[in-house]
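Hi,

Here is the structure I promised to pass on to you. Have a look at it first, then read my notes underneath.

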Amino acid sequence: MPTQFDPPSGTRDFLAEEFERRERAFAAIRSVFGGYGFEPLQTPAFERLDVLMGKYGDEGDKLIFKIMRRGEHEASGEADLALRYDLTVPLARVAAAYGSRLPSPYKRYAIGPVWRADRPGKGRYREFVQCDLDTLGSISPIADAEVICAQHDALVALGVTDFTILLNSRQVLAGLLDAYDIPEQTGPRALIVLDKLDKLRPEAVASELRDMGLGDKAGELVRALTADDSHERIRLALKPSERAMAGLSALDDLLALVSAELPPDRIVFTPRMVRGLSYYTGPIWEHVAPGIPGSLGGGGRYDHLIGQLGGPEMPATGASLGIERILMVQGPDVAPRRRLDVAVAVLDQRYAVQCYSFAAASRAAGLRSSVYLGSSGKLGRQLRWAADQGARWCLIYGSAEQEAGTVTVRDMTSGEQTPVLPGNLTAYLAAAAGLTEG
Ligand code: AMP
């Protein structure tokens, strides 16, 4: 049962362990994306509402978190801003805003939270982080290939290896609608229904298409898409459509580029894969993994979006990885967490100043260090605290140490204790840390 202290449904708090795990994942993704020559971009969490509306199709638009007008305009009950729904539309706005001041082509990555007023479920949140990379200003299939391979490498860098990249193209989908007599005005709705083929039985999808007034040909299309030999059937059906054949040949070029870099069967032509967003214009792809709802990531070419936003007409391709589902695939982190490297015991408040300076000396060695903040003066209790922190060393300073002019460095693993001159503490710990790390 949720309590009043839970975060709003579909959002989460990240305590240290999970936070650090996520940060490690982001760092790995940044490193892969940077390695392909993509540069970082950060945009605001919210945008003007008119920038976002109309970009995600009817279904998507409904999921936009709107922000009401504020202050003297609050009574209007209108919204003028909205939390960003993805990182693509903000990128398009940046391209429109900065134009020729951006490098050309502009290869950027962005990692940040997005918000969708979705119904929360397994692997489906209302606040989640996307990791995007896009290339603006290139029609080359190499640009698509780079995005696909960089995403692939990022997943592998995160330890995810059991996944498939489904590849299709908007031209192929348009050709399919043509070939199966689905009228242009019904096309987008029909595609949304076909997109359910990964969740619903083919008969259920066919019946939804029939309910839309589409005839037997729509049922034939569903059968062709789900047949064992669907590739062949679809290729055959597309033959009369020039546009579809152009789309197919572009897909074959792209497949030739990436297949050489990817393990066999990692990427497969999947004519039934739709990707809901209305702005895609060319190849589209999605990463799926067994047992994971929806997709791990997805992307495609979207050659008109920048122009639609009032920017220059500019070809573009890009993709997004959702970190939440990647972490689900990774499973729980097994590495034990170390909060502190050096724990400093305080046996008597009279020694607080010295103890405090020992923590500083430990930090000067590049180690995480903190003094005991509790009220017990008992060494046993404080050693237990040091162990709970995962500390590698505990520093002990009492009357004996004061008399000897040293501080005792206790190795928490071996229990060995070494007297060290306070002036040598930083160098001693740095050397010890180097030794144990090496
Ligand atoms: P999209 O922008 O819808 O293509 O989503 C790109 C990626 O973001 C998906 O492949 C998922 O990994 C992730 N994603 C989308 N929606 C959600 C959600 N509600 N919760 C968590 N991750 C999501």
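Let's start with the ligand. The shell of residues around it is made up of three nonpolar, six polar and five charged residues. One thing to keep in mind as you read on: this is a predicted model, and the values here are computed from it.

Which residues should you click on to begin with? Of the 14 residues around the ligand, the ones that come nearest are Arg 116, Tyr 125, Arg 275, Ser 295 and Leu 296. Three of these names come back when you look at polar atoms. Arg 116 uses its side chain: a polar atom there sits 2.8 Å from an oxygen atom of the ligand. With Tyr 125 you should look at the backbone instead, where an N or O atom lies 2.9 Å from a nitrogen atom of the ligand. Leu 296 also brings in a backbone N or O atom, and that one is 2.9 Å from an oxygen atom of the ligand. As for how covered the ligand is, it would expose 480 Å² taken alone, and the protein buries 90% of that.

Strands take part in this shell too. Strand S6 (127-136) and strand S11 (316-322) each supply at least two of its residues.

S6 leads us to its neighbour, strand S5. The two run antiparallel and are joined by ten bridges. If you want a pair to find on screen, try Tyr 106, which stands opposite Leu 136 in S6. S5 also pairs with strand S1 (residues 39-40), this time in parallel, through two bridges. There, Glu 39 has Arg 108 of S5 as its bridge partner.

Is S5 enclosed or open? Eight of the ten residues in S5 (residues 106-115) are buried, so the strand is largely enclosed by the rest of the structure.

Last topic: the cysteines. How many disulfides does the structure hold? The count is zero. A disulfide needs two cysteine sulfur atoms within 2.5 Å, and two examples show how that fails here. For Cys 131, the closest cysteine sulfur belongs to Cys 149 and is 18 Å away, so it is too far for a bond. For Cys 394, the closest one is in Cys 355 at 9.7 Å, which is also too far. Both of these cysteines are tucked away: Cys 131 is buried with a relative accessible area of 0%, and Cys 394 counts as buried at 1%.

Happy exploring, and write back if anything is unclear!

Methods. Residues numbered from 1 in each chain as written. Predicted model: local features only at pLDDT ≥ 70, side-chain atom pairs only at ≥ 80, totals over all residues. Heavy atoms only, no water. Near = heavy atom within 4 Å. Polar contact = N/O pair within 3.5 Å; in protein donor to acceptor, adjacent residues only side chain to side chain. Areas by Shrake-Rupley, 256 points an atom, 1.4 Å probe, with all protein chains shown as cover. Helix = DSSP H or I, 4+ residues; strand = E, 2+ residues; numbered from the N terminus. Nonpolar A, V, L, I, M, F, W, Y, C, P; charged D, E, K, R; others polar. Buried < 20%, exposed > 50% of the residue type's maximum accessible area, 1.4 Å probe, protein only. Pairing = 2+ DSSP bridges.
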